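Have the sequence and the 3D view open side by side. The text below goes from one residue to the contact between chains, and then to the fold and its salt bridges.

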Protein chains: 2
Amino acid sequence: MSDSATTANDSSVQERLAASDLAREPVFLAIRLSSRGSADANRALAALGLKVRHYAVLALACSDLRPTQRELSQFLYLDPSQIVGLVDELEGRQLVQRRPDPRDRRSKVIVATASGRRFYAEARATVSTANEETLAALAPDDRDQLIRLLAAVAF
Amino acid sequence: MSDSATTANDSSVQERLAASDLAREPVFLAIRLSSRGSADANRALAALGLKVRHYAVLALACSDLRPTQRELSQFLYLDPSQIVGLVDELEGRQLVQRRPDPRDRRSKVIVATASGRRFYAEARATVSTANEETLAALAPDDRDQLIRLLAAVAF
DNA sequence: TATTGTTATACTCTATAACTATA
DNA sequence: TATAGTTATAGAGTATAACAATA
């Protein structure tokens, strides 16, 4: 399920769908929100040359978690081999660094550089604007509620 | 973001992540629910030889919407060329039929056969069980609330 | 001239297995 | 013997363009 349809986003088309059984299934609805949300976020991030997955890695590199690549793969449900490429790209743009882990020399801790932090602040604002767009149909209270419920399922 | 990590699902790993900024971003959370939900649903549907996208097409073929392939592509945010293959597989298993659209001979209406309807009932029960698993962390009221909010965003 | 279903093709994403260096 | 990062490769999923039939 993704964002590739041709003439979609016709509101009457979506209204017809809303009447179906499918439209009451939580997994189906989550897939839709996810694909719309990541399409919106990717569109916004494209101006910065990022995709959501780069953004997610950068966000964690800016956090105080000091994650290893292995941990990034666990946090993001991505294969360790995919983290390699994402870190490569971010490192090539000097947004993050690979640092030896003093506790285990096999591991590499991924930390943001100073410019990586500045860039993240910018990206975060961009994503936040995209989120506004995605969740425009909800009142502020409902957004908070949605975030709370999603977090409860996710963790 | 998908379901490919190696030793993930360690609850302490997820607790650490819950403390990050990322864990408050609705799009990130939706991606997680979507990937977990579709992984659960796909696992359940595998016993029936279906994936969620086949299931979605079958569900709409069983509805009273009587969708054309073009409409299916709009409903599911899939490219028309992808609908072809999904309908081919379902038709090969005699679960759905392509019927000429009397109103436009270019179009083909996709309708479920009798055995398609029986099969859908079974698949629906299976998916429902998988949903229970995915949403186990939520109380019934919270589940209803989540579905309501997701539907409000999706339509 | 535009649209529906279809085919073909290229591209991205995902999954898997191996290799190296460390543990 | 097992694990972290890496590489390579195959497979699935996605995007794009073209074509025949019909509008």
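Contact here means heavy atoms within 4.5 Å. The model is a predicted one, in which local features need pLDDT of at least 70, side-chain atom pairs count only at pLDDT 80 or more, and totals for chains, interfaces and linings use all residues. Residues are numbered from 1 along each chain as its sequence is written, chains are lettered from A and ligands numbered from 1 in the order in which they are written, and side-chain values use heavy atoms, with hydrogens and water left out.

Start at T134(B), which belongs to helix α6 of chain B, residues 114-134. Helices (H or I, at least four residues) and strands (E, at least two) are DSSP runs, numbered from the N terminus. T134(B) has a relative accessible area of 2% and is buried; the word buried stands for under 20% relative accessible area, exposed for over 50%, and partly exposed for what lies in between, with a 1.4 Å probe and protein chains only. Which residues are in contact with T134(B), leaving aside its neighbours within four places in sequence? They are L33(B), R36(B), G37(B) and D40(B), together with V153(A). With D40(B), the contact is also polar, side chain to side chain, at 2.7 Å. A polar contact is a pair of N or O atoms within 3.5 Å; within protein, one must be able to donate a hydrogen and the other to accept it, and residues adjacent in sequence count only if both atoms are side-chain atoms.

D40(B) has a second partner, R43(B), with which it forms a salt bridge whose closest N and O atoms are 3.2 Å apart. A salt bridge is a side-chain nitrogen of Lys or Arg within 4 Å of a carboxyl oxygen of Asp or Glu. The two residues are three apart in helix α2 of chain B, so about one helical turn separates them. D40(B) counts as buried at 7% relative accessibility, whereas R43(B), at 52%, counts as exposed. In chain A, R36(A), D40(A), R43(A) and E133(A) are linked in a network of salt bridges.

V153(A) in the list above leads to the contact between the chains. Chain B and chain A each put 70 residues into it. The size of an interface is often given as the accessible area lost when the parts come together. Here the two chains bury about 6,700 Å² between them, with 66% of it on carbon and sulfur atoms; this buried area is the accessible area (1.4 Å probe) that two parts lose on being put together, summed over both. The interface holds 14 residue pairs in polar contact, both at pLDDT 80 or more, and six salt bridges. One of the salt bridges joins R16(B) to E71(A), with 2.7 Å between the closest N and O atoms.

On the chain B side, α1 (11-18), α2 (26-46), α3 (52-62), α4 (69-76), α5 (80-92), α6 and α7 (140-154) each supply at least two residues. The most comes from α2(B), with 13 residues. By type, the chain B side divides into 39 nonpolar, 17 polar and 14 charged residues. In this count Ala, Val, Leu, Ile, Met, Phe, Trp, Tyr, Cys and Pro are nonpolar, Asp, Glu, Lys and Arg charged, and the others, Gly among them, polar.

How are the copies arranged? A turn of 180° and a shift of 0.0 Å along the axis lay chain B on chain A with an RMSD of 0.0 Å. The two copies are therefore related as by a two-fold rotation axis. The superposition is by least squares on the C-alpha atoms of residues with pLDDT of at least 70 in both. Because 100% of the interface residues of chain B are also interface residues in chain A, the copies meet through the same surface.

Taken alone, chain A has seven helices and two strands, in the order α-α-α-α-α-β-β-α-α along the sequence. Its C-alpha atoms fill a box of roughly 55 × 30 × 30 Å along the principal axes. Of the 155 residues of chain A, 50% count as buried.

Over all chains, the structure has 20 salt bridges. In one of them, R143(A) pairs with E132(A) at 3.0 Å between the closest N and O atoms. This pair links helix α7 of chain A, which holds R143(A), to helix α6 of chain A, which holds E132(A). R143(A) counts as buried at 17% relative accessibility, while E132(A) is partly exposed at 45%.
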